[in-house]
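Q: Please give a close reading of a single part of the structure shown below. I should like the account to begin with the overall layout, to settle on one residue and its surroundings, and then to set that residue beside the other charged side chains.

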Amino acid sequence: MLDFVELTFNYARGIFPRYSSDYSNHIYNQPQLFTILLMKTYLKSTYREIIEFLDVSDKITKFLKLTKLPHYTTIQKFFVRMSATKLKELNNLILFIHPIDCELAAMDGTGHTSDYADHYYAKIRGKCRKSYIKKHIAIDVDTRMILNYAANRGPKYDTQFAIASIRQLKSYKPHYTLADRAYDTEPIKKCINEELGA
């Protein structure tokens, strides 16, 4: 776990400024908070659980130079205000440091809302959401490294994302591109064959 923490923290220091604002209280820096957030994701724990984990992890808190543990809501607030641009920068840095030979690229999309209401309940009440967030991702199948991702307001067809994503994959030169039936159109196949040579 300590190896994971060290690696994450060092990547985060290369991307995030030390503090989000000159006027913040400067108790915790952004690389520290980002590392804790990724530990939470890696361990599949809750915000409360990751702080409890840190409470008994002397080596990790010493490495992160945490003299006082953050409240779990501090990690939640950091996640909410974290920029998607910073995540893209981090992903690009990792891909630059670890170049990959992409045999298989896979892409898919999914939609989600911030509404936890049951779909059937929302429908009978006439409160169905007409728009939502649609996320798309393309990965290298062997390493699971993210090659491209985008988030748009839905509803949008996967095909609208596909052409742009395929063009972003050019530099990785995949031999095959995998996708489900939503991407099965002639323009997409033509783009894969002619522009990617896959």
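**Lys 40 and its surroundings**

A: Read from the N terminus to the C terminus, the protein follows the pattern α-α-α-α-α-α-β-α-β-β-α-β-α, which comes to nine helices and four strands. The model is a predicted one. Of the 198 residues, 34% are buried. Among contacts between residues at least 6 apart in sequence, 62% join residues at least 24 apart.

Within this layout, the part chosen for the close look is Lys 40, which is placed in helix α2, residues 30-43. Lys 40 is buried and yet has no salt bridge. The nearest side chain of opposite charge belongs to Glu 49, and it is 8.2 Å away. A salt bridge here requires a side-chain nitrogen within 4 Å of a carboxyl oxygen, so a separation of 8.2 Å does not meet the cut-off. What does Lys 40 touch instead, leaving out residues up to four places away in sequence? The residues are Ser 45, Thr 46, Tyr 47 and Ile 50.

Two of these residues, Tyr 47 and Ile 50, belong to α3 and take part in its contact with α2. The two helices pack at an angle of about 105°, with their axes 10 Å apart. Because angles of 65 to 115 degrees count as roughly perpendicular, α2 is roughly perpendicular to α3. On the α2 side, the contact is made by Ile 36, Leu 37, Met 39, Lys 40 and Leu 43. On the α3 side, Tyr 47, Ile 50, Ile 51, Phe 53 and Leu 54 contribute. Lys 40 is thus listed in the α2 part of this contact together with Ile 36, Leu 37, Met 39 and Leu 43.

Ile 36 and Ile 51, both part of the contact between α2 and α3, also appear in the largest nonpolar core, where they are among the residues with the most contacts. That core has 24 residues, and Phe 16, Phe 34, Leu 64, Ile 75 and Phe 78 are likewise among its most connected members. At least two residues of the core come from each of α1 (2-15), α2, α3 (47-55) and α5 (72-81). Apart from this core lies another, of 19 residues, including Ile 100, Ala 105, Ile 163 and Leu 196. In soluble globular proteins, nonpolar side chains tend to be buried together.

Phe 16 extends the picture around the largest core. With neighbours within four places in sequence left aside, Phe 16 is in contact with Gln 30, Pro 31, Phe 34, Phe 78, Met 82 and Lys 86. Ala 12, in helix α1, is buried at 0% relative accessibility. With the same sequence neighbours left aside, Ala 12 is in contact with Pro 31 and Phe 34. The C-alpha atoms of Ala 12 and Lys 86 are 9.4 Å apart, although 74 residues separate the two along the chain.

Lys 86 provides a counterpart to Lys 40 among the charged residues. Side chains of opposite charge can pair when their charged atoms come close. Lys 86 meets Glu 89 in a salt bridge of 3.7 Å, N to O. The two residues are three places apart in helix α6 (residues 84-97), which means that about one helical turn separates them. Lys 86 is partly exposed, with a relative accessible area of 23%, and Glu 89 is also partly exposed, at 34%.

The whole structure holds five salt bridges. One of them joins Lys 189 to Asp 184, with the closest N and O atoms 3.1 Å apart. Lys 189 also pairs with Glu 186, and there the closest N and O atoms are 3.6 Å apart. Glu 186 and Lys 189 both lie in helix α9 (residues 186-196), three residues and about one turn apart. Lys 189 is partly exposed at 37% relative accessibility; Asp 184 is partly exposed at 48%; Glu 186, at 57%, counts as exposed. Salt bridges with shared partners also connect Arg 167, Lys 170 and Glu 195 into one network.

To return to the residue in question: Lys 86 and Lys 189 are partly exposed and form salt bridges, whereas Lys 40 is buried without one, and Lys 40 is part of the contact between α2 and α3.

Note on methods:
Residues are numbered from 1 along each chain as its sequence is written. This is a predicted model: local features need pLDDT of at least 70, side-chain atom pairs count only at pLDDT 80 or more; totals for chains, interfaces and linings use all residues. Side-chain values use heavy atoms; hydrogens and water are left out. Buried means under 20% relative accessible area, exposed over 50%, partly exposed in between (1.4 Å probe, protein chains only). Lys and Arg count as positive and Asp and Glu as negative; His and the chain ends are not counted. Contact means heavy atoms within 4.5 Å. A nonpolar core is a set of buried Ala, Val, Leu, Ile, Met, Phe, Trp, Tyr and Cys residues joined through side-chain atoms within 4.5 Å. Axes are lines fitted to C-alpha atoms, for helices over the stretch in contact, and angles run from 0 to 180 degrees between N-to-C directions. Angles under 35 degrees count as roughly parallel, over 145 as roughly antiparallel, 65 to 115 as roughly perpendicular and the rest as oblique.
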